[in-house]
Amino acid sequence: MANQLGGMAHSRFKRGSAVFKCIHCTRRTRDTNGDNGKAQMCEDCYEGSMQENGMSDSPEFAAQYEADMRACYQAAVNKGGVIAGYTKQ
Ligand SMILES: [Zn+2]
(Lines give C-alpha, C1' and ligand atoms only; values in the text may rest on other atoms or scores of the structure.)
Protein backbone atom coordinates (compact mmCIF):
# COMPACT_ATOMS: atom_id res chain seq x y z
CA MET A 1 0.00 0.00 0.00
CA ALA A 2 1.46 3.27 -1.04
CA ASN A 3 0.47 6.76 -0.14
CA GLN A 4 -3.02 8.04 -0.71
CA LEU A 5 -3.54 9.83 -3.96
CA GLY A 6 -7.31 9.76 -3.98
CA GLY A 7 -9.65 12.25 -2.43
CA MET A 8 -10.08 15.10 -4.85
CA ALA A 9 -9.15 18.24 -3.04
CA HIS A 10 -12.06 19.35 -0.96
CA SER A 11 -9.77 21.53 1.00
CA ARG A 12 -8.90 23.47 -2.10
CA PHE A 13 -11.98 25.35 -2.99
CA LYS A 14 -11.95 28.20 -5.33
CA ARG A 15 -9.09 30.19 -4.02
CA GLY A 16 -8.94 33.43 -5.91
CA SER A 17 -6.73 32.84 -8.85
CA ALA A 18 -4.81 29.62 -8.53
CA VAL A 19 -3.25 28.79 -11.85
CA PHE A 20 -3.27 25.23 -13.13
CA LYS A 21 -2.87 23.37 -16.37
CA CYS A 22 -6.00 22.34 -18.17
CA ILE A 23 -6.07 18.53 -18.24
CA HIS A 24 -7.64 18.62 -21.68
CA CYS A 25 -5.73 21.21 -23.70
CA THR A 26 -2.72 21.74 -21.38
CA ARG A 27 -3.24 25.49 -21.42
CA ARG A 28 -2.40 27.33 -18.24
CA THR A 29 -5.61 28.62 -16.85
CA ARG A 30 -7.36 29.46 -13.64
CA ASP A 31 -10.52 28.70 -11.80
CA THR A 32 -12.92 31.31 -13.03
CA ASN A 33 -16.28 29.99 -11.95
CA GLY A 34 -15.62 27.30 -9.36
CA ASP A 35 -16.66 24.51 -11.70
CA ASN A 36 -13.94 24.47 -14.28
CA GLY A 37 -11.40 24.53 -11.46
CA LYS A 38 -12.87 21.43 -9.86
CA ALA A 39 -12.72 19.70 -13.22
CA GLN A 40 -9.17 21.00 -13.74
CA MET A 41 -10.13 22.29 -17.13
CA CYS A 42 -10.06 25.71 -18.72
CA GLU A 43 -13.43 27.34 -19.29
CA ASP A 44 -13.50 26.38 -22.93
CA CYS A 45 -12.73 22.72 -22.36
CA TYR A 46 -15.13 22.63 -19.45
CA GLU A 47 -17.90 24.02 -21.60
CA GLY A 48 -16.92 21.61 -24.35
CA SER A 49 -17.14 18.70 -21.95
CA MET A 50 -20.64 19.80 -20.98
CA GLN A 51 -21.63 19.73 -24.62
CA GLU A 52 -20.04 16.33 -24.94
CA ASN A 53 -22.22 15.10 -22.08
CA GLY A 54 -25.20 16.53 -23.90
CA MET A 55 -24.35 14.38 -26.89
CA SER A 56 -24.77 11.22 -24.91
CA ASP A 57 -27.70 12.47 -22.83
CA SER A 58 -29.74 13.71 -25.79
CA PRO A 59 -28.88 11.70 -28.89
CA GLU A 60 -31.56 13.50 -30.87
CA PHE A 61 -29.61 16.73 -30.53
CA ALA A 62 -26.20 15.14 -30.82
CA ALA A 63 -25.27 16.99 -33.99
CA GLN A 64 -25.90 20.37 -32.37
CA TYR A 65 -24.06 19.38 -29.22
CA GLU A 66 -21.16 18.14 -31.26
CA ALA A 67 -20.96 21.39 -33.20
CA ASP A 68 -20.98 23.36 -29.94
CA MET A 69 -18.40 21.06 -28.42
CA ARG A 70 -16.10 21.55 -31.40
CA ALA A 71 -16.51 25.31 -31.18
CA CYS A 72 -15.49 25.24 -27.52
CA TYR A 73 -12.46 23.08 -28.11
CA GLN A 74 -11.50 25.16 -31.11
CA ALA A 75 -11.65 28.26 -28.92
CA ALA A 76 -9.31 26.60 -26.42
CA VAL A 77 -6.86 25.76 -29.20
CA ASN A 78 -7.04 29.27 -30.60
CA LYS A 79 -5.99 30.55 -27.18
CA GLY A 80 -2.94 28.31 -27.15
CA GLY A 81 -4.30 24.96 -26.04
CA VAL A 82 -3.34 21.69 -27.66
CA ILE A 83 -6.07 19.18 -28.51
CA ALA A 84 -5.61 16.30 -30.92
CA GLY A 85 -7.51 16.90 -34.12
CA TYR A 86 -7.71 20.71 -33.75
CA THR A 87 -5.48 23.29 -35.36
CA LYS A 88 -5.06 26.85 -34.22
CA GLN A 89 -6.95 29.24 -36.48
ZN1 LIG B 1 -8.54 23.50 -21.89
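**Close-up views of a predicted protein chain**

**View 1. Ala 39 is located in a loop that follows strand 2 and precedes helix 1.** In this predicted model, Ala 39 belongs to the loop between strand 2 (28-30) and helix 1 (43-57). Ala 39 is partly exposed, because 15 other C-beta atoms lie within 10 Å, whereas a buried residue would need 20 or more and an exposed residue 12 or fewer. When residues up to four places away in sequence are not counted, Ala 39 touches Tyr 46 and Ser 49. The C-alpha atoms of Ala 39 and Ile 23 are separated by 8.4 Å, and these two residues are 16 residues apart along the chain.

**View 2. The protein chain contains two helices and two strands.** Along the sequence, these elements follow the pattern β-β-α-α. The protein chain has 89 residues, of which 25% count as buried. Among the contacts with a separation of 6 or more, 30% are accounted for by residues 24 or more positions apart.

**View 3. Helix 1 packs its buried residues against helix 2.** Helix 1 is made up of 15 residues. From its first C-alpha to its last, helix 1 reaches 21 Å, which is close to the 21 Å expected at 1.5 Å a residue. The buried residues in helix 1 are Glu 43, Asp 44, Cys 45, Tyr 46, Glu 47 and Gly 48. One of these, Tyr 46, is also touched by Ala 39 of the preceding loop.

**View 4. Helix 2 has its buried residues along one face.** Helix 2 comprises residues 62-78, a total of 17 residues. The distance from its first C-alpha to its last is 24 Å, close to the 24 Å expected at 1.5 Å a residue. Which residues of helix 2 are buried? They are Tyr 65, Met 69, Cys 72, Tyr 73, Ala 76 and Val 77. Seen down the axis of helix 2, these buried residues fall within an arc of 140°, and therefore they line one face of the helix. Helix 1 is included in what covers the buried residues of helix 2.

**View 5. The other face of helix 2 carries exposed residues.** Ala 63 and Ala 67 are exposed on the face of helix 2 turned away from its buried side.

**View 6. Gly 80 comes just after helix 2.** At this position, Gly 80 takes a positive phi of about 115°.

Definitions and conventions: Residues are numbered from 1 along each chain as its sequence is written. This is a predicted model: local features need pLDDT of at least 70, side-chain atom pairs count only at pLDDT 80 or more; totals for chains, interfaces and linings use all residues. Helices (H or I, at least four residues) and strands (E, at least two) are DSSP runs, numbered from the N terminus. A residue is buried if 20 or more other C-beta atoms lie within 10 Å of its own, exposed if 12 or fewer, and partly exposed in between; C-beta atoms are placed from the backbone. Two residues are in contact if their C-beta atoms, placed from the backbone, lie within 7 Å. The expected span of a helix is 1.5 Å times one less than its number of residues. The arc is that of the directions from the helix axis to the C-beta atoms.
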